[in-house]
Amino acid sequence: MRELVFRDVTVRFGSGHGAINAVDGVDLAVPAGTVVGLVGESGSGKSTLAKAAVGLVPTAGGEILLDDVVMRRARDRRRLQMVFQDPYSSLDPRMTVGDSIAEALPGRRGRAARRSEVARLLELVDLDPARATELPSGLSGGQRQRVALARALAADPEVILADEVTSALDVSVQGAVLNLIRDLQRRLGLSILFISHNLAVVRYVSDLIAVMYLGRIVEVGPAADVLSAPQHPYTRTLLDAAPRLGASLDDAVPADNEILDEEPPSPHDPPPGCRFHRRCPIGPLVVTDRTICAEQDPHIDAVSRPHRAACHFAGGEHVNGAGGEHVDGAGGEHVDGAGGEHVDGAGGGRVNGAGGGRVGGAGSEDASSAGNQVREVPTR
Amino acid sequence: MRLEHWRSAMRSPVGAVAATLLAAFAVLAVIAPMIWGDAAEETEPAALSQGSSSEHLLGTDALGRDIALRVLVATRFSLGLALMATSISVVIGIILGVLPAVLGRRTGRLVVAVVNLAVAFPALLLALVFAVVFGIGSHGAVLAIGAAGAPSFARLVQTNVASVAGRDYVSAARVAGVSRLRLVVRHLLPNIGEPLVVNATVMAGTALLAFAGLSFLGLGVQPPSYDWGRLLGEGLDRIYLNPAAALAPGVAVVLAGLAFTLMGEAIAQVVGIRTGMFRTLDAAPVPVARAESAGDDDAVLVAEDLRVAFPAAGDGWTRPVDGVSLTVRRGETVGIVGESGSGKSLTALALARLTPENAAVSATRLEFAGEPLLGRSDAEVGRLLGTSLAMVFQDPMTSFNPSMRVGAQLAEVTRTHEGHSREEALERAVDRLRKVHIPVPERRARQYPHEFSGGMRQRAMIGMGLMSTPSLIIADEPTTALDVTVQRQVLRLLRDVQRDSGAAVVLISHDIAVVSQMCQRIVVMYAGRIVEELPVDQLASAAHPYTRTLFGSVPDMTTDRERPLATIPGRPPDPGARPGGCAFAPRCTFADERCAEAPELAVVGARQRAACWHPRQEPVPVTAAAETGDRI
């Protein structure tokens, strides 16, 4: 397993005045054997980033490296495999399950070898190998998604890009697919870029979390730190907006402030300065002397801040103040306050220590140590 | 296309006629030259240019050859040429059609442009030009007609390939490193086969006609060979002396052309949209006038034993909604939770009388605001629901008319139901848009739906519901297509609207967390039935095993990352093949032989009912993660 690194990657759609940068100078690393959760709203560019990695959309700038080597040829890209959102459209309806999986097997091999390999892969994803001869139409959504996962694994990839793999599934099967992904990742030591709009799902599988907004990564760090002590107000807003059992809509959160824009801005015309400033609960619309937000792009010196937060007031008291109470209603004491300190100090230092292009420890770190670091987050 | 599709195509009148004709022509094409081949060449100097006689049914030609025999024998050559030309069109068309998908972006565009240019040329003109280029004669004609038909076929292939090429499985194959050629052969062509087959069949008919035309003009088949067109040309010279000599090949051309075209039609019917089955539910329970149950004065909506059934293959019925009883009181917010296929959306549509036309809706009681809905004319029901029921659907893009300004669409509601003038109605529309927090509503009212963002459209939809004074708002997955931050705003808006207007709200969602934030009472549906009904503050004491596992299987921000999520084995049953008894029994850990009998909703706690023989007493173990202290 190797490390996947995005270095200043830009993806542009359209040309001339209508052109938009769907992905705009993204630096992100998926260290070997870890799961990086990528969250953001629709249109934030998270799926486009994954598609750029596997070569489905061309990049307009920057480099995508696998183990420090820039990927140029199509053959390099086969070492990355993608699992798509909709299991109903990601399997060819005219091809048997076995053929779909066999197609992704690298190299030439005999019929018997292919069949046994397909059987092995189907068993790996908890499906009966006898289903290899079935057409996808006979499978449920969850089973189709397992087949899609088996097909991705067939290519013996270094990194898997999972794009909203549970969003189209019913809740009762979503859990089983998440369990499988988590289990496979641990058993095979996979590196995964796990894309989802659902923070709870991302939290469950990820070691690191990156938050994307309007084509840019606005915050990245160890999962527990990002969720317990978000440095960027957008992360805070996402956390607050996630529906949770027992919460009431009446519990106002900072982002409910009525002077803020309710909708994300158009990517055709991103606001000047900080792209989030018109929706920001700690931004210039609320705290009037923070004019810097509308003037200077915080993306430029993000590297120097904890979690590489693209915010001039990253980790400011407004963010942390609201923090602990919302992360978990019942057991807030675990995380409160301490979380913030930890990140600002040790955690932040570690993230930055790895340097510009890399996040969350050196590439040589194995999965378990990365996982441990995440788990070491304060539980007093 | 599966075998049974072909069979059903052959059973339709059009298909049967086409198949019979084509089979007859095929037989003729094979045997006619063998039997009559020599006889048709035989010249009879004694009988030159004769009319119909007992010896020569359709007369003879200038060399004394029997015309009837010649028409029959010409079948093979005529059909053969047409099929060859069609094959050429299809092959060139497919190659040109898939090239853009195989070539790079720039060369691909060039191919598309060339094909578009060629399509703009009339095919017959193209055929004439090619006929001259390739030389007079049958070879030239085949190439000419083949080449002339290629551009339109290429265009068809391009369009279909473009639509399939965007699908995820093609992307997945590309990511897996499948070669471009294999991509075309294994993934693109098989999935666009149906429209191609239909068009190729119709095209064979056209080619036949084109050949007849070319031969008739003398550009096609040259003597001594002959096809129907040639015979037609020869016969036409003497049409006043012996009309049969011209009519017979003409009829042959028309019949064969018709056979191909009808065949195309029949195939298209099978692979295309099949018309829905319409049947009336025989065993529909007759609405019974029952004594009003007490304490319902406060009810906005009362449904008892609501069923929705669709005709299934054979004589059966599928019942996606199978006996739902629901009462919604004034100002109450009720959430309906369930997975896809549980019948939750169809229940809402049935309540609003919006089910598809082939659905059979029945209920023992269905009342809205105290007025019975069953057994009334559609117009009366429309008036009643139009003014006091508001619907908000999942996809706000498809629930607005894309060619109408948003303000005008909102205004239409009051103009239809309350007879307001244009200005009054529009004024109210702007006011309602303002009420649902749409910035600069005067300007927004003049915009089209596509100029609104998803969240904005959903607000406008809610605004539309507020145009009159609704006593019930049914919101079916209103925020599923929206981002979480926008979802929160839309839900808060819905809550504000509910408080201001005093309307009751039925919120349908697959997301129990969304429902729990908004509603007082939660109704859980599984396989077309209500399995549990409980107040939102008693979620932790859910009694039905399905409700309980549903909680456990959804990760939230406190789920223990070190433990696997609780899962429900198996999958929800198809509405067409539900197990008898409790539909959840096959997936339930507590199921025993008693569950073979369907349980009724029974009271299991304060304001809580569950349809289960083994309701659980102990609290739901969702808080297990918190107890371990291992929070993250």
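**Exercise 1.** Is A:Arg308 buried or exposed?

*Solution.* Some conventions come before the steps. The model is predicted, with local features requiring pLDDT of at least 70 and side-chain atom pairs counting only at pLDDT 80 or more, while totals for chains, interfaces and linings use all residues. Residues are numbered from 1 along each chain as its sequence is written, and chains are lettered from A and ligands numbered from 1 in the order in which they are written.

Step 1. A residue is buried if 20 or more other C-beta atoms lie within 10 Å of its own, exposed if 12 or fewer, and partly exposed in between, with C-beta atoms placed from the backbone.
Step 2. A:Arg308 has 26 C-beta neighbours inside 10 Å, so A:Arg308 is buried.
Step 3. Its backbone has a positive phi of about 50 degrees, although A:Arg308 is not a glycine.
Step 4. A:Arg308 sits in the loop between α10 (292-295) and α11 (317-327) of chain A. Helices (H or I, at least four residues) and strands (E, at least two) are DSSP runs, numbered from the N terminus.

**Exercise 2.** Place B:Ala369 in one of the burial classes and locate it in chain B.

*Solution.* Step 1. B:Ala369 has 17 other C-beta atoms within 10 Å and is therefore partly exposed.
Step 2. The loop that holds B:Ala369 runs between β5 (365-368) and β6 (371-372) of chain B.
Step 3. Phi of B:Ala369 is positive, near 50 degrees, in a residue other than glycine.

**Exercise 3.** Describe the open sheet of chain A that contains β1 and β4, and find its edges.

*Solution.* Step 1. The sheet has four strands in the order β2-β1-β4-β5, with antiparallel pairing. Two strands pair if DSSP finds at least two bridges between them.
Step 2. β2 (20-30) and β5 (69-70) of chain A each have a single partner strand, so these two stand at the edges and one side of each has no neighbour in the sheet.
Step 3. Five bridges join β1 (residues 4-13) to β4 (residues 61-66) of chain A. A:Thr10 has A:Gly61 in β4(A) as its bridge partner.
Step 4. A:Ala29 belongs to strand β2 of chain A. With 27 C-beta neighbours inside 10 Å, A:Ala29 is buried. Its C-alpha atom is separated by 9.3 Å from that of A:Leu65, 36 residues apart along the chain.

**Exercise 4.** Analyse the hairpin of β9(A) and β10(A).

*Solution.* Step 1. β9 (residues 208-213) of chain A and β10(A) pair in the antiparallel sense over six bridges. A:Leu208 has A:Pro222 of β10(A) as its bridge partner.
Step 2. Two residues lie between the strands, and A:Leu214 in this hairpin takes a positive phi near 45 degrees.
Step 3. Seven of the seven residues of β10 (residues 216-222) of chain A are buried, so this strand is largely enclosed by the rest of the structure.

**Exercise 5.** Identify the best-connected residues of the largest nonpolar core.

*Solution.* Step 1. A nonpolar core is a set of buried Ala, Val, Leu, Ile, Met, Phe, Trp, Tyr and Cys residues joined through C-beta atoms within 7 Å.
Step 2. The largest such core has 107 residues, of which A:Leu161, A:Leu193, A:Phe194, A:Ala210 and A:Val211 touch the most other members. Helix α5 (residues 141-154) of chain A gives the most to this core, seven residues.
Step 3. Another core, of 101 residues, lies apart from it and includes B:Ala309 and B:Leu373.

**Exercise 6.** Break down the side of chain A that touches chain B.

*Solution.* Step 1. Contact means C-beta atoms, placed from the backbone, within 7 Å. The contact takes 61 residues from chain A and 60 residues from chain B.
Step 2. On the side of chain A, the largest share comes from α6(A), with seven residues.
Step 3. By class, this side has 31 nonpolar, 17 polar and 13 charged residues. Ala, Val, Leu, Ile, Met, Phe, Trp, Tyr, Cys and Pro count as nonpolar, Asp, Glu, Lys and Arg as charged, and the others, Gly among them, as polar.

**Exercise 7.** Check the length of helix α15 of chain B and describe its packing.

*Solution.* Step 1. The expected span is 1.5 Å times one less than the number of residues.
Step 2. For the 14 residues of α15 (residues 422-435) of chain B this should be 20 Å, and the end C-alpha atoms are 20 Å apart, which agrees.
Step 3. Among the buried residues of α15(B) are B:Leu426, B:Val430 and B:Leu433. The buried residues of α15(B) pack against α14 (406-418), α16 (441-444) and α17 (454-465) of chain B.
Step 4. B:His437 follows α15(B) and has a positive phi, near 60 degrees.

Notes. Two residues are in contact if their C-beta atoms, placed from the backbone, lie within 7 Å.
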